[in-house]
Amino acid sequence: MFKQQYKIVENEPVAADTYRLRLCGGSPDGEFVNLEIPGFYLRRPISICDVQEGKLTLYYKTVGAGTKALSTLPAGSHVSVLTGLGRGFDADACKGEALLVAGGLGAAPLYLTAKKLKAQGKKVSAILGFNKADEIVLEKEFRSLCDDVAIATMDGSAGIKGLVTDALMAMNPHFEYFYTCGPMVMMRAVCQALPGPGQASLEERMGCGAGFCYCCSIKTKSGIKRVCKDGPVFDKEDIIW
């Protein structure tokens, strides 16, 4: 774990209640970062979407007072960032063809995974699910990178109407390994629907984000695990839903 000061180079709305935050100051390891927001005691964990050209890209939704305060920080200001946190998706677990299934901002960490998979010469298909069209993010980025991309919206305002599981049936993708990130109920449905091996990035409330406080502990088939330290990514076979 490393504590660094990052400079905000972009903090702009890109979809309904959704912001893209670009920071400059290093190239962190890990699956997520923990941001300090002025006036708030606890840091906010946010998944890493991309790291390139000395910039760190994050996506977040304004769902509470903390993230709303974060959205007001201007370009040029600085934030304290804890990096090197979490166990991410293992691109090496897939040997040939991968399927990515995202719900909402679960698309962000899966984009970085898609980049790693394509760099290894693997075929990548993606299904991105949202509530409605104005919440869609990263569609162009996934389409420019993946071999096949399907969009699903609950209200049918874009792509396939329904859940990501409906898009799975319509797309009928060929794959040997899958990766999923999004709401817990969505990931449970995906893991139950897909017979093959895969990985899911779980969500739990975090305190320290580094494994000290144990407030994000969950039961798995191999014992008690901390989502922030032992995860957030876990093998499908180890998850107790």
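## Unusual backbone spots

Let's start with Asp17, which sits in the loop between strand E1 (2-15) and strand E2 (18-24). Asp17 isn't a glycine, yet its phi is positive, at about 60°. Keep in mind while you look around that this is a predicted model.

Asn172 is another non-glycine residue with a positive phi, this time about 45°. You'll find Asn172 in the loop that runs between helix H4 (164-171) and strand E11 (177-181). Is Asn172 buried or exposed? With a relative accessibility of 63%, Asn172 counts as exposed. Why point these out? Because most residues other than glycine have a negative phi, and most peptide bonds are trans.

That brings us to a peptide bond worth finding on screen. The link from Gly231 to Pro232 is cis, and its omega is near 10°. Pro232 belongs to the loop between strand E14 (223-226) and strand E15 (233-235).

## The whole chain

Now zoom out. The protein chain has five helices and 15 strands. Its radius of gyration is 17 Å, close to the 18 Å that the globule rule gives for 241 residues, so the chain is as compact as a globular protein of that length. If you follow the C-alpha trace along its principal axes, it spans about 45 × 40 × 35 Å.

How much of the chain is buried? Of its 241 residues, 50% count as buried. There's also something to say about who touches whom: take the contacts between residues at least 6 apart in sequence, and 60% of them join residues at least 24 apart.

## Arg43, a buried charge

Next, head to the loop between strand E3 (32-35) and strand E4 (44-52), where Arg43 lies. Arg43 is buried, yet it has no salt bridge. Which side chain of opposite charge is nearest to Arg43? It's Glu36, 4.1 Å away, and a salt bridge has to be within 4 Å.

Arg43 does have other partners, though. Its side chain reaches the backbone oxygen of Asn34 at 3.2 Å. The side chains of Arg43 and Ser80 are joined by a polar contact of 2.9 Å. Set aside the neighbours within four places in sequence, and Arg43 is in contact with Lys3, Asn34, Leu35, Glu36, Ser80, Val81 and Leu82. So Asn34 and Ser80 turn up both in that contact list and as partners of the Arg43 side chain, Asn34 through its backbone oxygen and Ser80 through its own side chain.

## Cysteines without bonds

How many disulfides are there? The count comes to zero. Cys181 is in no disulfide, and the nearest cysteine sulfur, in Cys49, is 11 Å away. Cys181 is buried, with a relative accessible area of 7%.

Cys208 has its closest cysteine sulfur in Cys213, at 3.8 Å. Why don't those two count as a disulfide? Because 3.8 Å is too far for a bond: the sulfur atoms would have to be within 2.5 Å. As for its surroundings, Cys208 is partly exposed, with a relative accessible area of 21%.

## A glycine in a loop

One last stop: Gly156, in the loop between strand E9 (148-153) and strand E10 (160-161). Gly156 is partly exposed, and its relative accessible area is 33%. Try finding Phe130 as well, since Gly156 and Phe130 are 26 residues apart along the chain while their C-alpha atoms are separated by 9.8 Å.

How values were computed:
Residues numbered from 1 in each chain as written. Predicted model: local features only at pLDDT ≥ 70, side-chain atom pairs only at ≥ 80, totals over all residues. Heavy atoms only, no water. Helix = DSSP H or I, 4+ residues; strand = E, 2+ residues; numbered from the N terminus. Buried < 20%, exposed > 50% of the residue type's maximum accessible area, 1.4 Å probe, protein only. Lys, Arg positive; Asp, Glu negative; His and termini not counted. Polar contact = N/O pair within 3.5 Å; in protein donor to acceptor, adjacent residues only side chain to side chain. Contact = heavy atoms within 4.5 Å. Rg over C-alpha atoms; globule rule 2.2 N^0.38 Å.
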